[in-house]
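The following explanation leads the reader through one region of a protein model. Please keep the sequence and the structure in view while reading.

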Amino acid sequence: MTDREFMELALIEAEKAYKEGEVPIGAVVVCDGVIVATAHNEKEQRKDPTAHAEVIALRKAASRLKRWRLTGCTLYVTIEPCPMCAGALLNSRIDHIVYGADDALYGAVRSVWKLCDGKALNHQITVKSGVMATEAREIMDRFFSARRI
């Protein structure tokens, strides 16, 4: 599958979050070409401030793979990860992040902070952004527009 096809799956997860009244962010973890986890935001549902799509997906992937080091894996996420999620991604030793739209408020990969580019860290993550960014931004805009009415 291509980056676009995996991002389409992350967008399906984002739609699930939207329908549940959650901020519509979806994530997919792929290891050696195999999908090992999918998730979407569940902060409201779980009453858990750490229940971001990325964190849930990392937990599921680690459980399925029976290891916390997610080397050889790629995270696909609809919106640029926040500082908490970027930290979790670094700690998981994931190899790659592919995300859709930048987050001008909380983006911690390229937009506001560049946590994953840290040369002082013992692990670096390659990053690709802009995959289906228009679609990822559209679902966020739709969600927040509906909440402002």
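Helices and strands are here DSSP runs, numbered from the N terminus; a helix has at least four residues and a strand at least two. In this predicted model, His52 is placed in the loop between α2 (43-46) and α3 (53-65). Cys82 likewise belongs to a loop, the one between β3 (73-79) and α4 (83-92).

The UniProt record, an unreviewed entry, lists His52, Cys82 and Cys85 under "binding site". These residues span 34 residues in sequence, yet no two of their C-alpha atoms are more than 9.3 Å apart, so they gather at one spot. His52, Cys82 and Cys85 also form part of the lining of the largest pocket.

Two members of this set may be examined in turn. Because buried means under 20% relative accessible area, His52 counts as buried at 15% relative accessibility. Leaving aside residues up to four places away in sequence, His52 touches Asn41, Lys43, Cys82, Met84 and Cys85. Cys82, with 13% relative accessibility, counts as buried. With the same sequence neighbours left out, the contacts of Cys82 are His52, Tyr106 and Ala108.

A further residue to consider is Glu54, which lies in helix α3. Which residues does Glu54 touch, not counting residues up to four places away in sequence? They are Ala27, Leu75, Val77, Ile79, Pro81 and Cys85, and Cys85 is also one of the residues listed in the UniProt entry. Glu54 is buried but has no salt bridge. Lys43, the nearest side chain of opposite charge, is 9.8 Å away from Glu54.

Note on methods. Residues are numbered from 1 along each chain as its sequence is written. This is a predicted model: local features need pLDDT of at least 70, side-chain atom pairs count only at pLDDT 80 or more; totals for chains, interfaces and linings use all residues. Side-chain values use heavy atoms; hydrogens and water are left out. UniProt positions are given in the numbering used here, feature names are shortened, and annotations may be inferred rather than shown by experiment. On a 1 Å grid over the protein atoms alone, a cavity is a set of points where a 1.4 Å probe fits but cannot get out, and a pocket is an open set with protein on both sides within 12 Å along at least five of seven lines; lining residues have an atom within 4 Å of a point. Buried means under 20% relative accessible area, exposed over 50%, partly exposed in between (1.4 Å probe, protein chains only). Contact means heavy atoms within 4.5 Å. Lys and Arg count as positive and Asp and Glu as negative; His and the chain ends are not counted. A salt bridge is a side-chain nitrogen of Lys or Arg within 4 Å of a carboxyl oxygen of Asp or Glu.
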